[in-house]
Amino acid sequence: MRKIHLLLLVLLSGLCLACQLDPTKVRVERALTASWQSYCRHFIKSDGQVVIPEEGGGTISEAQAYALLRAVWANDATVFNRVYSFTYEKLSRVRTHGDSLLAWRWGRLPDGSWGVLDANSATDGDLDYALALVLAHRLGWRAPPGLPDYREEAHRVQTDILAKEVVVLPGGDLLLTPGNWHELKPPYLVNPSYFSPAAYRLFASSPGATGSQGGTAPVGAVREPPLRDSELTNNPSRWSRLHHSTYKLLGQLAQGLEGQTGVGLFPDWCRVDAAGRAAPAPGKDTRFGWEAVRLPYRLALDGLWFKEPRAVQILADKFLPWFKSQWQTRGRLLAVYNFDGSPAVDYESPVLYAGVLAGALAAGDGDFAHQMALKILSFYHEDGDRAYFEAPGHYYANNWAWLGLALYAGWVK
């Protein structure tokens with residue numbers, strides 16, 4: 001009997017050891033929680049505006065959308081409501097332009113007051129804004145009194161993205177442009193890092209409400225135009241078409257860019273002609289830089305959420321092997337590379353590591369993802385009530401380092 005008891009103790013102790021948390025994930029969870037709380041204290045004002053130091057204390061639609069996404073994935077409905085209130089009330093173009101896109105830039109006006117500095121839209125901010133609203137609705141969160149319902153507002157934003165930020169090429173493919181200010185005819189300027197195929201898939205599978213606020217809107221609410229039946233029926237199919245067209249273009253970019261052989265990287269900017277052919281855009285950067293570094297993360301979401309084989313293939317065939325070879329050869333990855341893979345700078349950034357981590361997760365390379373998570377953690381610091389990556393006031397790095405680790409920790413759902 002004594003031997004049986006000893007055997008049970010041994011088995012139970014082994015089971016307990018097997019159930020222990022991965023120490024890296026424990027560190028990641030702590031850094032995620034502390035850095036989100038720090039970001040809320042130092043970057044998000046009481047009225048919900050994200051303060052960007054390099055914007056002179058102003059904000060951009062991208063920043064507001066990042067804060068909304070982070071609030072969803074941090075399960076922070078209070079901050080989400082606050083950021084949504086500012087974003088809708090100050091940046092929505094519904095009062096000034098009749099659509100639900102966001103004005104790109106907010107800041108100090110020449111007379112010293114604060115307001116919209118540039119009313120044009122930025123498509124990435126609009127897509128992330130709509131995505132955050134859809135996710136908040138799926139969590140059952142409710143909008144603050146007097147503001148549009150999350151699902152209905154998301155649908156209006158989606159409808160206006162398709163109407164004002166997506167164009168149809170002569171061959172029938174759909175193309176996402178950088179904003180409502182796009183060219184009237186080909187060639188079109190394109191920023192591949194704005195492509196969000198996982199969001200397109202989610203939008204296609206989550207059509208909007210069948211009505212609007214209408215006569216039942218709360219006192220003080222903005223009365224929105226009713227949604228047309230054609231918009232409700234056309235949105236899912238158009239998002240599916242855009243999803244397909246996006247992978248068609250990405251497959252081309254993965255191979256090269258007008259004579260330049262690709263190594264698996266993507267350009268910050270390019271232009272697309274009437275036949276759907278991509279080429280360098282005059283005056284725009286073709287490096288895999290601060291713009292393009294976001295694309296592997298957005299592709300990874302489609303691979304992880306929806307098991308999209310084209311996303312996994314693009315990341316696993318060239319992108320990930322190339323970065324693994326750089327890591328194995330040099331022991332570090334640089335913040336920016338030229339399109340041909342040659343180094344463009346001689347310093348590191350957690351932003352790049354976040355993109356590579358996402359690619360590794362989507363490709364099923366858990367070991368490499370673990371190494372990338374450790375690398376991002378090496379940038380992490382705590383100083384008093386500040387918890388940050390790279391530098392306390394570095395808005396972009398603090399967002400993307402957090403998003404990379406949140407994906408690794410399983411928060412991004």
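These legends walk through several close-up views of one predicted protein model.

**View 1. The whole chain, before we zoom in.**
Let's start with the full picture: the protein has 413 residues, and buried residues make up 55% of them. Its secondary structure comes to 13 helices and twelve strands. What share of the contacts with a separation of 6 or more joins residues 24 or more positions apart? That share is 65%. On the outside, the accessible surface comes to about 17,400 Å², and 54% of that surface belongs to carbon and sulfur atoms.

**View 2. How confident the predictor is, and where its score drops.**
Keep in mind that you're looking at a prediction. The average pLDDT of the protein is 90, and 88% of the residues score at least 70. Residues 6-19 are another story: pLDDT is below 50 there, and the model gives this stretch zero contacts beyond near neighbours in sequence. Residues 209-234 also have a pLDDT under 50. How many contacts beyond four places in sequence does the model have for residues 209-234? The count is 38.

**View 3. The largest nonpolar core, seen around F80.**
This core has 136 residues. Which residues have the most contacts inside it? They are F80 and F323. Helix α13, which runs over residues 395-409, supplies the largest share of the core, with twelve residues. Now look around F80 itself, skipping its neighbours within four places in sequence. F80 is in contact with L68, A71 and V72, and also with A132, L133, A136, W141 and Y150.

**View 4. N399, a buried residue in helix α13.**
Stay with helix α13, because N399 lies in it and this view is centred on that residue. Is N399 buried or exposed? Its relative accessibility is 0%, so N399 counts as buried. The side chain of N399 has two partners to look for here. One is Y39, whose side chain is joined to that of N399 by a polar contact of 3.0 Å. The other is R70, where the side-chain polar contact is 3.1 Å. Leaving out neighbours within four places in sequence, N399 is in contact with Y39, Y66 and R70.

**View 5. A little open sheet made of three strands.**
Here the strands sit in the order β1-β2-β3, and the pairing is antiparallel. Why does one side of β1 and one side of β3 have no neighbour in the sheet? Both strands stand at the edges with a single partner strand each, so one side of each is left free of a sheet neighbour. β1 covers residues 59-60 and β3 covers residues 114-118. As a bit of background, the strands of a sheet pair through backbone hydrogen bonds.

**View 6. Zooming in on the strand pairs and the hairpin.**
Start with β1 and β2, which pair over two bridges. I60 has R105 in β2 as its bridge partner. Next come β2 and β3, paired in the antiparallel sense over four bridges. R105 turns up again here, standing opposite D118 in β3. R108 has a bridge partner in β3 too, namely W114. The hairpin of β2 and β3 has five residues between the strands, and G112 takes a positive phi near 95° in this hairpin.

**View 7. D99, tucked into a loop.**
Find the loop between α4 (77-91) and β2 (105-108), and you've found the place of D99. With a relative accessible area of 1%, D99 is buried. Which side chain makes a polar contact with the side chain of D99? It is the side chain of R93, at 2.7 Å. Apart from neighbours within four places in sequence, D99 is in contact with S92, R93, V94, D160 and K164.

**View 8. A292, another buried loop residue.**
Our last stop is the loop between β10 (278-279) and α9 (295-306), which is the place of A292. A292 counts as buried, because its relative accessibility is 1% and the cut-off for buried is under 20%. A292 and F266 are 26 residues apart along the chain, yet their C-alpha atoms are separated by 6.1 Å. F266 also appears in the contact list of A292, which leaves aside neighbours within four places in sequence and includes S193, P267, D268 and R287 as well.

Conventions: Residues numbered from 1 in each chain as written. Predicted model: local features only at pLDDT ≥ 70, side-chain atom pairs only at ≥ 80, totals over all residues. Heavy atoms only, no water. Core = buried A, V, L, I, M, F, W, Y, C linked by side-chain atoms within 4.5 Å. Buried < 20%, exposed > 50% of the residue type's maximum accessible area, 1.4 Å probe, protein only. Contact = heavy atoms within 4.5 Å. Polar contact = N/O pair within 3.5 Å; in protein donor to acceptor, adjacent residues only side chain to side chain. Pairing = 2+ DSSP bridges. pLDDT = per-residue confidence, 0-100. Areas by Shrake-Rupley, 256 points an atom, 1.4 Å probe, with all protein chains shown as cover.
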